[in-house]
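Dear colleague,

I am passing on a structure that you have not worked with before, and I would be glad if you could look through it alongside the notes that follow it.

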Amino acid sequence: MDTLRNAAGETGTARRVAVVTGAGSGVGRAAALELLAAGWAVALSGRRTEPLEQTAALAPAGSAALVVRADVSQPDDVASLFTAVRDRFGRLDLLFNNAGTFGPGGVPVEELPYEAWRHVVDTNLHGAFLCAQAAYRQMKEQAPQGGRIINNGSISAHTPRPHSVAYTATKHALTGLTKSLSLDGRPYGIAVGQIDIGNAATDMTAGMQTGALQANGETAPEPVMDVADVARTVRHMAELPLEANVQFATVMATAMPYVGRG
């Protein structure tokens with residue numbers, strides 16, 4: 001099921017159209033609300049409808065927010081998501097490939113269950129590929145042709161945390177996905193970039209301020225930053241002309257132990 005919040009009743013306007021996955025909380029919610037406030041039409045996607053409806057309810061009056069429940073690891077769900085966007089808005093200008101999971105935290109590699117590994121890979125990598133593929137197809141076929149894909153990488157795409165093998169492996173893989181899509185999209189006006197985020201204040205990072213495991217085996221509190229600063233960066237990347245691209249951006253809490261983490 002999908003529902004549209006649009007106080008003006010608009011379905012065929014000049015609004016730029018975005019899909020944000022994982023839009024029910026955290027970075028996805030913040031980025032979706034930032035785009036909606038800037039006048040974008042945004043399809044809010046996630047595995048649970050209720051958090052998506054909560055995100056839509058936070059949008060400014062007159063916003064065009066389409067709620068579509070979808071599990072990005074399921075090809076049929078992804079196909080339905082992009083069909084709903086095409087049917088409602090007619091085109092697609094942006095995919096923010098944000099949905100992801102860290103998986104079970106603090107589990108040594110030798111104890112990580114295969115099912116947990118597979119869940120992280122299915123969500124973070126397979127899901128990102130499926131959404132990018134669907135967006136790519138639509139952006140290539142629509143008129144005018146083109147659009148933008150922004151993949152949510154991570155600081156872990158560069159430097160891992162202890163006991164994060166599944167998450168880190170998928171985020172490294174996302175960097176390869178970003179580079180390959182960016183190259184293949186050039187002939188069709190499809191710009192692809194990646195945002196790597198460190199310690200944005202969300203539910204996912206709530207424990208960092210009280211203590212996070214460091215590479216030397218100690219546990220230490222880490223600073224966080226306002227997730228709104230991430231959302232503004234996503235919007236900046238999204239609103240560039242297609243002739244310009246932020247290939248990679250790193251947005252992090254200034255004092256987090258990333259530079260020299262090891």
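**What was found**

Asp184 is found in helix α5, which runs over residues 165-185, and please keep in mind while reading this and what follows that the model is a predicted one. With a relative accessibility of 41%, Asp184 counts as partly exposed, because that class lies between under 20% for buried and over 50% for exposed. Although Asp184 and Tyr136 are 48 residues apart along the chain, their C-alpha atoms are separated by 9.7 Å.

Turning to the interior, the largest nonpolar core has 38 residues, and those with the most contacts inside it are Leu35, Val42, Leu44, Phe96, Ile150, Ile195 and Val230. Helix α1, made of residues 26-37, gives the most to this core, contributing seven residues. Another core, of 32 residues, lies apart from it and includes Ala64, Val68, Cys131 and Met139.

Two members of the largest core may be worth following in the viewer. Leaving aside residues up to four places away in sequence, Leu35 touches Ala18, Val20, Trp40, Val42, Leu94, Arg235 and Ala238. Ile195, for its part, is found in strand β7, which spans residues 190-198, and it counts as buried because its relative accessibility is 0%. With the same exclusion of residues up to four places away in sequence, Ile195 touches several residues, among them Phe96, Ile150, Val230, Val234, Met237 and Val251. By contrast with these contacts, the C-alpha atoms of Ile195 and Leu112, which are 83 residues apart along the chain, are separated by 27 Å.

On the surface, Val109, Tyr114, Trp117 and Val165 make a nonpolar patch of about 380 Å². Tyr114, one of these four, is found in helix α4, which covers residues 114-141, and it counts as exposed because its relative accessibility is 51%.

Finally, a word on confidence, which bears on how the model should be read. The chain averages a pLDDT of 90, and 91% of the residues score at least 70. Over residues 1-13, however, pLDDT stays under 50, even though the model has 34 contacts for this stretch beyond four places in sequence. Where pLDDT is low, predicted coordinates should not be read in detail.

With best wishes

Conventions:
Residues are numbered from 1 along each chain as its sequence is written. This is a predicted model: local features need pLDDT of at least 70, side-chain atom pairs count only at pLDDT 80 or more; totals for chains, interfaces and linings use all residues. Side-chain values use heavy atoms; hydrogens and water are left out. Patches are made of residues with over 30% relative accessible area and no salt bridge: like charges are joined within 9 Å, nonpolar side chains (Val, Leu, Ile, Met, Phe, Trp, Tyr) within 5 Å. Accessible areas come from the Shrake-Rupley method with a 1.4 Å probe; for residues, only the protein chains shown count as cover. A salt bridge is a side-chain nitrogen of Lys or Arg within 4 Å of a carboxyl oxygen of Asp or Glu. Helices (H or I, at least four residues) and strands (E, at least two) are DSSP runs, numbered from the N terminus. Buried means under 20% relative accessible area, exposed over 50%, partly exposed in between (1.4 Å probe, protein chains only). A nonpolar core is a set of buried Ala, Val, Leu, Ile, Met, Phe, Trp, Tyr and Cys residues joined through side-chain atoms within 4.5 Å. Contact means heavy atoms within 4.5 Å. pLDDT is the predictor's confidence in each residue, from 0 to 100.
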